[in-house]
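Reader: I have the structure open beside the sequence and would like to go through it with you. Could we take it piece by piece?

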Amino acid sequence: MDTMQGLKRTHYCGDVEGIGKTVVVGGYVQKVRDLGNLIFIDLRDRTGIVQLAFDDATDRSVFEKAASCHSEYVLMAQGVIRERESKNPAIKTGNIEIDVKDLRILAKAQTPPFEVVDDTNVNEELRLKYRYLDLRRKVLQDNIIMRSKIAKSARDYFYENGFIEIETPMMIKSTPEGARDYLVPSRIHHGNFYALPQSPQMYKQLLMISGFDRYIQLARCFRDEDLRADRQPEFTQIDLEMSFVDVEDILEIGEGFIKRLFEDVLQIDIPLPLPRLTYSEAMERYGSDKPDTRFGMEITDISELVKDSGFGVFSSAVETGGSVRAIVAKDAAKTLTRKEIDKLTEYVRGIGAKGLAFIRWVDDEPSCGFAKFLAEGELEAILNKVDANKGDVVLIVADKNKVTLPVLGALRLKIAKQLDIIPDGYNFLWITEFPFFEYDEDSNSWIAMHHPFTMPMDECVQYLDCEPGKVIAKAYDLVLNGTELSSGSIRITDYELQQKMFRALGLSDEEIEAKFGFLVEAYKYGAAPHGGMGIGLDRLAMIMTGSDSLRDVTAFPKVQNASELMSGAPNIVDEEQLKELSISIIPEKDEK
């Protein structure tokens with residue numbers, strides 16, 4: 001095997017330029033074309049590809065080395081840049097090539113289990129098993145590089161705005177934050193456990209109490225929850241907290257970051273201020289607190305029109321305190337056939353609805369299965385209310401609001417994808433004024449929608465004890481194209497109000513002390529008003545790269561069952577390690 005001695009890389013493959021210049025490049029072999037008396041090697045690194053050329057004028061030992069190369073060999077080459085005869089406009093260096101004078105084979109490679117090319121239909125599990133090879137593909141390298149640019153832009157922006165980067169602990173006390181903790185057993189404190197942080201929430205609040213009035217951290221967070229395309233068990237958030245602020249100050253700094261980030265990374269101008277909707281408005285119009293606003297198909301309430309109709313499904317829903325609501329799929333009557341609508345009916349039943357009523361307007365007269373139950377003029381009134389015309393399909397759900405709204409919100413998104421009507425672009429949206437509590441029918445009690453340090457609106461404090469449903473939180477989310485990017489709030493800094501909030505959540509004094517005692521104690525010594533948010537770096541990268549999954553912007557991701565296929569994590573540890581931690585593994589019971 002050759003060495004690098006005497007050679008030092010002068011250029012990356014994608015940056016080679018200047019005819020007549022002597023250059024040294026290094027990289028992986030993408031392709032070898034051996035034409036007998038001519039050999040061409042495409043050499044690849046993270047910046048692109050350059051063609052190495054070998055011909056009759058090439059030193060025979062160098063030519064023979066070139067002839068022995070195969071895909072994924074690691075080479076260094078020294079040569080002179082010359083104009084390329086057969087130009088390739090598809091690559092940056094397509095007009096030139098390197099006439100190689102010296103070639104070093106630094107490492108040979110076995111035939112890889114799949115070809116390292118961007119357009120691949122190789123099974124994802126195989127690619128993840130050999131992730132180090134998968135990461136050689138340009139599309140993934142570009143994604144990881146963009147993720148790095150996002151991180152740099154974040155640091156630059158927040159540093160320039162007076163934020164201090166502070167690391168918080170990775171092994172912390174387990175506290176309730178909504179998802180399961182990943183636990184770390186302590187060898188020294190037998191029977192006790194650390195938790196990996198779901199977020200640095202309490203530490204950043206303590207930093208505000210400590211007088212660091214502007215904190216920033218690219219924080220690693222861990223949640224033991226079921227995975228999906230936009231969720232990983234470990235993730236990174238751009239975490240920030242500010243003192244002497246209210247909601248408007250935090251939204252303003254967040255908007256400034258978004259504008260700067262998209263200018264830095266994508267050269268796109270995001271107009272400010274960003275649009276806003278209250279939680280109530282978002283649910284009423286889109287059936288979601290993270291709506292995709294790149295397309296219409298908004299929800300219309302038709303309850304008033306049908307509350308007295310002869311169609312019992314509609315009238316009984318309104319009578320029992322629910323509603324009847326509709327969306328219109330414009331020009332979709334030919335695509336949404338009766339068979340397709342049957343599939344949609346099964347879909348909504350699977351997410352909580354009892355059924356799906358519809359009006360399909362293909363011919364001169366609209367087709368409507370429940371029309372026979374309606375009085376004269378009622379069908380026309382519905383069509384006018386929802387602005388439906390010939391060629392449209394109206395889809396209707398009748399139930400309690402907690403069913404009709406989210407079901408139609410999910411249906412709206414499903415149909416938009418099916419009809420392929422979602423345009424490209426970046427639609428940001430602030431969601432504000434979240435309810436503080438939601439009613440849980442299983443336990444017949446009010447439960448918090450946020451962590452217990454979230455500040456209620458000043459005018460809502462009076463309802464904490466008597467009417468929890470009226471309490472609105474000083475909380476806000478940032479949404480991009482239907483994905484929640486960020487969640488944040490103003491924090492409670494008043495000790496008495498914090499105690500009142502704990503009581504409203506049903507926590508006893510013993511529970512408060514056990515879970516939050518150190519933070520509650522800190523607030524006794526004075527705290528400036530403060531608030532913050534965490535912006536999902538992974539989700540930002542996923543959307544900005546146009547990826548379908550967080551796995552495409554994570555170097556070494558986990559799969560659906562939270563395992564990492566390349567290294568085999570999680571794995572079994574030996575008995576000696578378990579003994580040191582005073583842990584014994586109980587075998588799972590036979591399912592039989």
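Reader: Let's begin with strand 1: which way does it run against strand 4, and how many bridges join them?

Author: Bearing in mind that this is a predicted model, strand 1 (residues 22-34) and strand 4 (residues 74-83) run antiparallel and are joined by 7 bridges. Within that pairing, Val24 has Gln78 of strand 4 as its bridge partner.

Reader: What do the 5 strands close into, and in what order?

Author: They close into a barrel in the order 1-2-3-5-4, with mixed pairing. From one strand to the next the twist averages 55°.

Reader: And which strands does helix 1 lie across?

Author: Helix 1, residues 60-67, lies across strand 1, strand 2 (39-45), strand 3 (48-54) and strand 5 (96-107), and its direction makes an angle of about 75° with strand 5.

Reader: Let me step back for a moment. How many helices and strands are there in the protein, and what percentage of the residues is buried?

Author: The secondary structure comes to 16 helices and 22 strands, and buried residues make up 47% of the 592 residues. Taken along the principal axes, the C-alpha atoms fill a box of roughly 90 × 75 × 60 Å. Of the contacts with a separation of 6 or more, 67% are between residues 24 or more positions apart.

Reader: Now the open sheet, please. What is the order of its 8 strands?

Author: The order is 6-9-10-22-21-20-17-11, and the pairing in this open sheet is mixed. Strand 6 (164-165) and strand 11 (276-278) stand at the edges with a single partner strand each, so one side of each is left without a neighbour in the sheet.

Reader: Starting from the edge at strand 6, does it run parallel or antiparallel to strand 9?

Author: Strand 6 and strand 9 run parallel and are joined by 2 bridges, with Glu165 standing opposite Ile216 of strand 9. Strand 9 in turn runs antiparallel to strand 10, and 9 bridges join these two; one place to look is Arg220, whose bridge partner in strand 10 is Thr236.

Reader: How many residues of strand 9 are buried?

Author: In strand 9, 7 of the 9 residues are buried, so the strand is largely enclosed by the rest of the structure.

Reader: Going one step further along the sheet, how many bridges join strand 10 to strand 22?

Author: There are 7 bridges between strand 10 (residues 234-243) and strand 22 (residues 530-536), which run antiparallel, and among the paired residues Ile238 has Ile535 of strand 22 as its bridge partner.

Reader: Back at strand 6, where is Glu167 found, and is it buried or exposed?

Author: Glu167 is found in the loop between strand 6 and strand 7 (183-185), and it is exposed, with a relative accessible area of 74%. Its C-alpha atom is separated by 23 Å from that of Tyr525, although the two residues are 358 residues apart along the chain.

Reader: Which strands does helix 5 lie across?

Author: Helix 5 (residues 201-209) lies across strand 9 (214-222), strand 10 and strand 22, running at about 25° to strand 10.

Reader: How do the axes of helix 5 and helix 14 cross, and which residues meet there?

Author: The axes of helix 5 and helix 14 (residues 509-523) come within 10 Å and cross at roughly 20°, and the two helices are therefore roughly parallel to each other. Helix 5 passes helix 14 in a left-handed crossing. On the side of helix 5 the residues are Met202, Gln205, Leu206 and Ile209, and they meet Phe516, Phe518, Leu519, Ala522 and Tyr523 of helix 14. This contact divides into 8 nonpolar residues, 1 polar and no charged.

Reader: One last topic, strand 13: how many of its residues are buried, and which ones point which way?

Author: All of them are: 7 of the 7 residues of strand 13 (residues 323-329) are buried, so the strand is largely enclosed by the rest of the structure. Ser323, Arg325, Ile327 and Ala329 point one way, while Val324, Ala326 and Val328 point the other way.

Reader: Which strands does strand 13 pair with?

Author: Strand 12 (residues 300-301) pairs with strand 13 in the antiparallel sense over 2 bridges, and there Thr300 stands opposite Ala326. Strand 16 (residues 393-399) also pairs with strand 13 in the antiparallel sense, over 7 bridges, with Val393 of strand 16 as the bridge partner of Ala329.

Technical notes
Residues numbered from 1 in each chain as written. Predicted model: local features only at pLDDT ≥ 70, side-chain atom pairs only at ≥ 80, totals over all residues. Heavy atoms only, no water. Pairing = 2+ DSSP bridges. Helix = DSSP H or I, 4+ residues; strand = E, 2+ residues; numbered from the N terminus. Contact = heavy atoms within 4.5 Å. Axes fitted to C-alpha atoms, helices over the stretch in contact; angles between N-to-C directions. Parallel < 35°, antiparallel > 145°, perpendicular 65-115°, else oblique. Left-handed = near helix turned anticlockwise from the far one by under 90°. Nonpolar A, V, L, I, M, F, W, Y, C, P; charged D, E, K, R; others polar. Buried < 20%, exposed > 50% of the residue type's maximum accessible area, 1.4 Å probe, protein only.
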